[in-house]
Amino acid sequence: MTPLLLFVAAFGASALGGVLGMASGIFIVPILTLLFGVDIHIAIGASIVSVIACSCGSAAPFLKSRLTNVRLAIVLETATTFGALTGVLLIGIISTSVLYGLFAAILAVSAKQMLARRHEVIDASTPNVKSWATILRLHSSFPDRVSEQEVSYQVGRIPLGMVLMYGAGLISALLGIGSGVLKIPAMDTALRLPIKVSTATSNFMIGVTATASAGAYFVRGDIDIGIAGPIALGSVVGALVGARLLMGLPTDKLRVFFVIILALLAVQMLMSAFGIQIFGGVA
């Protein structure tokens with residue numbers, strides 16, 4: 001396991017994560033545990049660092065292209081951060097096999113949610129003047145490079161979104177996945193956002209959530225600098241590439257790609273929960 005291999009793995013994971021708005025955490029953990037044989041707690045520590053680096057690397061292009069809903073991100077991040085702090089208190093209490101199983105279940109549920117909303121429909125009706133989104137002025141628009149049009153959208157069901165964001169933050173702290181894998185389905189299905197807006201806004205938020213739990217992993221000694229350093233560097237470069245790729249991708253293809261990746265990772269992590277290692281037999 002050389003620094004160069006870790007850099008290449010992080011670059012690929014982060015580029016893919018940047019396209020899907022999930023940072024590299026959801027891919028780094030399976031790569032380090034399944035391919036490199038790293039203990040899951042050390043893998044999660046390195047993943048947390050990569051999530052912060054990935055968010056910093058990809059946020060600027062999304063902001064410049066006006067895909068990120070900053071006002072919405074700030075509102076949702078309050079709930080996500082509280083969830084992350086709750087997760088920090090549970091670190092070390094939950095066993096490794098349960099962590100693997102939890103990871104697999106979350107991936108499967110997220111894939112099902114994304115697949116259920118296969119065709120994206122933008123709500124063009126008049127906004128409800130009494131809704132939280134209207135009061136907080138969260139409705140917005142973005143320029144779609146594919147259709148070359150300005151697309152307006154509405155934000156709905158903020159209370160449900162806040163509950164889901166709390167859960168996303170909690171799981172993020174436990175698994176080091178950046179919570180984008182949960183935030184995007186939540187914003188896509190509960191808040192009814194266009195997937196590109198969900199992706200960009202998620203990328204903007206994940207670094208804050210990861211920072212809330214990074215300190216606890218460092219104090220516990222679960223951050224190995226020899227692993228986290230190359231992973232973070234590869235994540236920054238990959239995030240920039242992934243962010244630029246996202247802007248030119250058709251919405252339907254992006255959604256299908258997202259679902260396929262989630263399903264494959266869910267199978268891998270579920271097998272690990274039962275001690276079955278894809279590379280190396282039974283643990």
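Good morning. A helix, as the word is used in this talk, is a DSSP run of H or I covering at least four residues, and helices are numbered from the N terminus. By that convention, V70 belongs to helix α4. Please bear in mind throughout that the model before you is a predicted one.

Let me begin with α4 itself. The helix covers residues 70-90, which is 21 residues, and spans 30 Å from its first C-alpha to its last, close to the 30 Å expected at 1.5 Å a residue. Where is the kink in α4 centred? It is centred on E77, and the bend there is about 35 degrees. E77 is also buried, and other buried residues of α4 include L72, A73, L76, T80, G83 and G87. In general, residues three or four places apart on an α-helix point the same way, because there are 3.6 residues a turn. After α4 comes G92, with a positive phi near 90 degrees.

I return now to V70. Is this residue buried or exposed? V70 has a relative accessible area of 32%, and because buried means under 20% and exposed means over 50%, V70 counts as partly exposed. In space, its C-alpha lies 9.7 Å from that of A200, although the two residues are 130 apart in sequence.

Next, the charged side chains. How many salt bridges does a search of the whole structure find? The search finds one. It is formed by the side chains of E150 and R66, at 2.5 Å from N to O. This pair links distant parts of the chain: E150 sits in strand β2, residues 149-153, whereas R66 sits in the loop between α3 and α4, 84 residues away. As a general point, side chains of opposite charge can pair when their charged atoms come close. Both partners are partly exposed here, E150 at 43% relative accessible area and R66 at 42%.

I turn to the nonpolar surface. V236, V237, L240, V241 and L245 make a nonpolar patch of about 340 Å². One of these residues, V237, lies in helix α10, residues 225-247. V237 is partly exposed, with a relative accessible area of 34%.

Finally, the record. An unreviewed UniProt entry lists seven stretches under "transmembrane region", among them residues 42-63, 83-109 and 231-250. In the model, residues 42-63 are 100% helix and 0% strand, and the C-alpha atoms at the two ends are 32 Å apart.

Thank you for your attention.

Conventions:
Residues numbered from 1 in each chain as written. Predicted model: local features only at pLDDT ≥ 70, side-chain atom pairs only at ≥ 80, totals over all residues. Heavy atoms only, no water. UniProt positions renumbered as here; feature names shortened; annotations may be inferred. Patch = residues over 30% accessible without salt bridge, like charges linked within 9 Å, V, L, I, M, F, W, Y side chains within 5 Å. Areas by Shrake-Rupley, 256 points an atom, 1.4 Å probe, with all protein chains shown as cover. Salt bridge = Lys/Arg side-chain N within 4 Å of Asp/Glu carboxyl O. Buried < 20%, exposed > 50% of the residue type's maximum accessible area, 1.4 Å probe, protein only. Expected span 1.5 Å × (residues − 1). Bend = angle between axes of the 7 residues up to and from the residue.
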